[in-house]
Amino acid sequence: MKKLFFILFTFICSYIYAQDVIYLRNNDSIVANVTKIDENTIEYKFEGEEIIVVKNKKSIHKIKFKSGREEVFNESVRLPKINGEEDW
């Protein structure tokens with residue numbers, strides 16, 4: 001029984017990590033295969049489906065590809081804190 005559980009667990013983990021993970025700005029994530037990255041959009045499809053989903057880059061924080069590479073979009077810009085007139 002332990003062997004079966006271990007094999008099943010290994011299979012599920014390898015299935016999840018064999019795809020790209022898209023992290024959205026609202027802290028949700030999507031496990032899919034990224035097929036195309038354009039200037040303003042990202043196209044992906046889910047495993048076992050042929051429909052291509054298009055998402056605007058503005059809603060995506062980063063993508064972790066199955067190769068291990070990460071691409072970050074829309075990094076937050078940190079503005080300096082202004083304490084008074086001297087900071088201008």
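Helices and strands here are DSSP runs, numbered from the N terminus. With that in place, the elements of this protein run α-β-β-β-β-β-β from the N terminus on. That is one helix and six strands. What I am showing is a predicted model. Of its 88 residues, 20% count as buried. As for contacts with a sequence separation of 6 or more, 31% of them join residues 24 or more positions apart.

Now the sheet. The six strands form an open sheet with antiparallel pairing, in the order S4-S3-S2-S1-S5-S6. At the edges are S4, residues 53–56, and S6, residues 70–72, and each of these pairs on one side only. On average, neighbouring strands are turned by 40° against each other, direction ignored. As background, strands of a sheet pair through backbone hydrogen bonds, either parallel or antiparallel.

I will go through the pairings, beginning with S1 and S2. They run antiparallel and are joined by four bridges. One bridge partner to look at is Ala32 in S2, which goes with Asp20. The two strands form a hairpin with four residues between them, and Asn27 in that turn has a positive phi of about 75°.

S2 also pairs with S3, again antiparallel and over four bridges. This is a hairpin too, with three residues between the strands. Here Lys36 has Glu43 of S3 as its bridge partner. Glu43 in turn has a bridge partner in S4, namely Val54. S3, residues 41–45, pairs with S4 over four bridges in the antiparallel sense. Within S3, Ile42 stands opposite Lys55 of S4.

On the other side, S1 and S5 are antiparallel and joined by four bridges. Tyr23 has Lys62 in S5 as its bridge partner. Their side chains also meet: the charged end of Lys62 sits over the ring of Tyr23, 5.1 Å from its centre.

How enclosed is S1 by the rest of the structure? Largely, because four of its five residues are buried.

Next, the interior. Which residues make up the largest nonpolar core? There are eleven: Ile22, Leu24, Ile30, Ala32, Val34, Ile42, Tyr44, Ile60, Ile63, Phe65 and Phe73. At least two residues come from each of S1 (20–24), S2 (29–37), S3 and S5 (60–64). S2 gives the largest share, three residues. To take one core member, Leu24 touches Ile30, Lys55, Ser59, Ile60 and His61, leaving aside residues up to four places away in sequence.

Last, the aromatics. How many aromatic pairs does a search of the whole structure find? One. It consists of Tyr44 and Phe46, with ring centres 5.7 Å apart and planes at 90°, so the pair is edge-to-face. The cut-off for that label is over 60 degrees. Are the two partners buried or exposed? Tyr44 counts as buried because its relative accessibility is 4%, and the limit for buried is under 20%. Phe46 has a relative accessible area of 31%, so it is partly exposed.

To recap: an open six-stranded sheet with antiparallel pairing, an eleven-residue nonpolar core, and one aromatic pair.

How values were computed
Residues are numbered from 1 along each chain as its sequence is written. This is a predicted model: local features need pLDDT of at least 70, side-chain atom pairs count only at pLDDT 80 or more; totals for chains, interfaces and linings use all residues. Side-chain values use heavy atoms; hydrogens and water are left out. Two strands pair if DSSP finds at least two bridges between them. Axes are lines fitted to C-alpha atoms, for helices over the stretch in contact, and angles run from 0 to 180 degrees between N-to-C directions. A nonpolar core is a set of buried Ala, Val, Leu, Ile, Met, Phe, Trp, Tyr and Cys residues joined through side-chain atoms within 4.5 Å. Buried means under 20% relative accessible area, exposed over 50%, partly exposed in between (1.4 Å probe, protein chains only). Contact means heavy atoms within 4.5 Å. Rings of Phe, Tyr and Trp (its six-membered ring) pair if their centres lie within 6.5 Å; planes under 30 degrees apart count as stacked, over 60 as edge-to-face and the rest as tilted. A charge sits over a ring if NZ of Lys or CZ of Arg is within 6 Å of the ring centre and within 35 degrees of the ring normal.
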